[in-house]
Amino acid sequence: MMVAQGFATRYGRNLLADVVPSLASYVAVAHPEPWAVLGPSLAHQPEAVIAAGDLTRAHLEHLVDTLPRVDAIIGIGGGSAMDTAKWLHWRRELPLYQVPSIPSVDACFTRMIALRDAGGVHYEGDAVPVAVLVDFDLMAAAPPALVRGGIGDVLSCHTARFDWQLAARAGRDHPWDEHAAQMSLAYVDEVEALAPLLAIGADEGVRRLMECHRDIGWRCHDLGHARFEEGSEHFFAYAFEEVTGRTIMHGELVAMGVLIMSSLQDNDPQRARRIVDLAQMRTRLDDLGVTWGEVEASLRRLPSFVDEQGLWFSVANSLRVDDAALGTARDALQLAASAP
Ligand SMILES: [Zn+2]
């Protein structure tokens, strides 16, 4: 088992109910479902409940300008709730508590805020919470597919490490760091070990997965880049979002990227498949609401996309998306040869 570094984190039940009595006043930035679970249990109610979702600078700055005078900010929910709460905490210098509602949320463990503006995502700000509160009852209330999908952003180490090695050998991007590369392997080992626990929704599976996210968030900051956990699997996901103009759950999309890209890398794709199956993740395109046509178009776009976007050097740069490559991708998704 892994000993993680990173933000102060508490695991248990009723954690927020224990914190709220110490706050004279606070604002909650919350998604409706987790707020419905936690809100009624709190000793006193917030000055305002701010809806999360819009991560444009204009909207976030409007929230800063209209924020009531309070002692603390509490983020409750998925990534956009975490990021909105981080922005208010950073801009108004108020103590921050984060309560993630699914274990796929690494936004609670990263310092910068992912703003969405015309042209994509960019990162700004610097947030450090007083504590991240991982409430097992809240996690248990989330749809199982979203809980299991949480492994995507750890499994990504499998393909990312390979791409980093490829880049280092070609003298591109960030130089090789043997310790970070070793940790990349350790995260994949850990996610394989915890996958069966997560599949059954065990608290221990949630805790160990969140500890991976916590350590990865810390390591990205410490190292100054994320090459050990972000590579062509993420670039595939970004290309998918550009090509289709939509997205699906991040962890599930990234895991699809790992299955496909590990096959195209010829990098132990059986292991990636074994881990997603152990976690009982959704990987069938029908279950994900994705068509093969969308996957094929994303792959065809990938080489020019990574070039135009200036993304880190990876197997995607020199990928020839011919019939053989498309056949390999189909096999990775376990599609029958004649499926649409
Ligand atoms: Zn990710």
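Trainee: In this predicted model, are Asp 83 and Lys 86 buried or exposed?
Mentor: A residue counts as buried when its relative accessible area is under 20%. Asp 83 falls in that class, and Lys 86 does too. For both Asp 83 and Lys 86 the answer is therefore: buried.

Trainee: Which helix holds both Asp 83 and Lys 86?
Mentor: The side chains of these two residues meet in a salt bridge, with 3.1 Å from N to O. Asp 83 and Lys 86 are 3 residues apart, about one turn of the helix. The helix that holds them, spanning residues 79-92, is H4.

Trainee: Arg 219 also forms a salt bridge; which residue is its partner?
Mentor: Arg 219 and its partner both lie in helix H9 (residues 203-223), 4 residues apart, about one turn of the helix. Both are buried. Their N to O distance is 3.1 Å, and the partner is Asp 215.

Trainee: Which residues do salt bridges with shared partners join into one network?
Mentor: The structure holds 23 salt bridges. Where such bridges share partners, they join residues into one network. The members are Asp 189, Glu 192, Arg 271 and Arg 274.

Trainee: How many residues apart in the chain are Asp 137 and Arg 13?
Mentor: These two form a salt bridge, the closest N and O atoms being 2.8 Å apart. Asp 137 is partly exposed at 38% relative accessibility, and Arg 13 is partly exposed at 40%. Asp 137 belongs to helix H5 (residues 136-141), whereas Arg 13 lies in the loop between strand S1 (9-12) and helix H1 (15-19). The pair links distant parts of the chain, and the separation in residues is 124.

Trainee: Why does the arrangement of donor atoms around the zinc ion receive its class, and what is that class?
Mentor: The protein donors are two OD atoms of Asp 153, together with NE2 of His 234 and NE2 of His 250, at 2.1 to 2.7 Å from the zinc ion. Four donors count as tetrahedral if all angles lie between 85 and 135 degrees. Here the 4 donor atoms subtend angles of 52 to 139°, so the arrangement is irregular.

Trainee: Is His 250 buried, partly exposed or exposed?
Mentor: His 234 has a relative accessibility of 2% and therefore counts as buried. His 250 has a relative accessible area of 34%. Because values between 20% and 50% fall in the intermediate class, His 250 is partly exposed.

Trainee: What distance separates the end C-alpha atoms of helix H7?
Mentor: Helix H7 (residues 152-169) has 18 residues. At 1.5 Å a residue, it should span 26 Å. The model agrees with that expectation, for the end C-alpha atoms are separated by 26 Å.

Trainee: On which residue is the kink in H7 centred?
Mentor: H7 is mostly covered, with 13 of its 18 residues buried. Its kink is about 35°. The residue at the centre of the kink is His 158.

Trainee: Which residue of S3 is the bridge partner of Ala 28?
Mentor: Ala 28 points one way from strand S2 together with Tyr 26 and Ala 30, while Val 27 and Val 29 point the other way; all are buried. S2 pairs with strand S3 (residues 48-51) in the parallel sense over 4 bridges. In S3, the bridge partner of Ala 28 is Val 49.

How values were computed: Residues are numbered from 1 along each chain as its sequence is written. This is a predicted model: local features need pLDDT of at least 70, side-chain atom pairs count only at pLDDT 80 or more; totals for chains, interfaces and linings use all residues. Side-chain values use heavy atoms; hydrogens and water are left out. Helices (H or I, at least four residues) and strands (E, at least two) are DSSP runs, numbered from the N terminus. The expected span of a helix is 1.5 Å times one less than its number of residues. The bend at a residue is the angle between axes fitted to the seven residues ending there and the seven starting there. Buried means under 20% relative accessible area, exposed over 50%, partly exposed in between (1.4 Å probe, protein chains only). Donors are N, O and S atoms within 2.8 Å of the metal (3.2 Å for Na, K and Ca); water is not among the atoms, so sites may look incomplete. Four donors count as tetrahedral if all angles lie between 85 and 135 degrees; four count as square planar and six as octahedral if opposite donors are over 155 degrees apart and all others between 65 and 115; anything else is irregular. A salt bridge is a side-chain nitrogen of Lys or Arg within 4 Å of a carboxyl oxygen of Asp or Glu. Two strands pair if DSSP finds at least two bridges between them.
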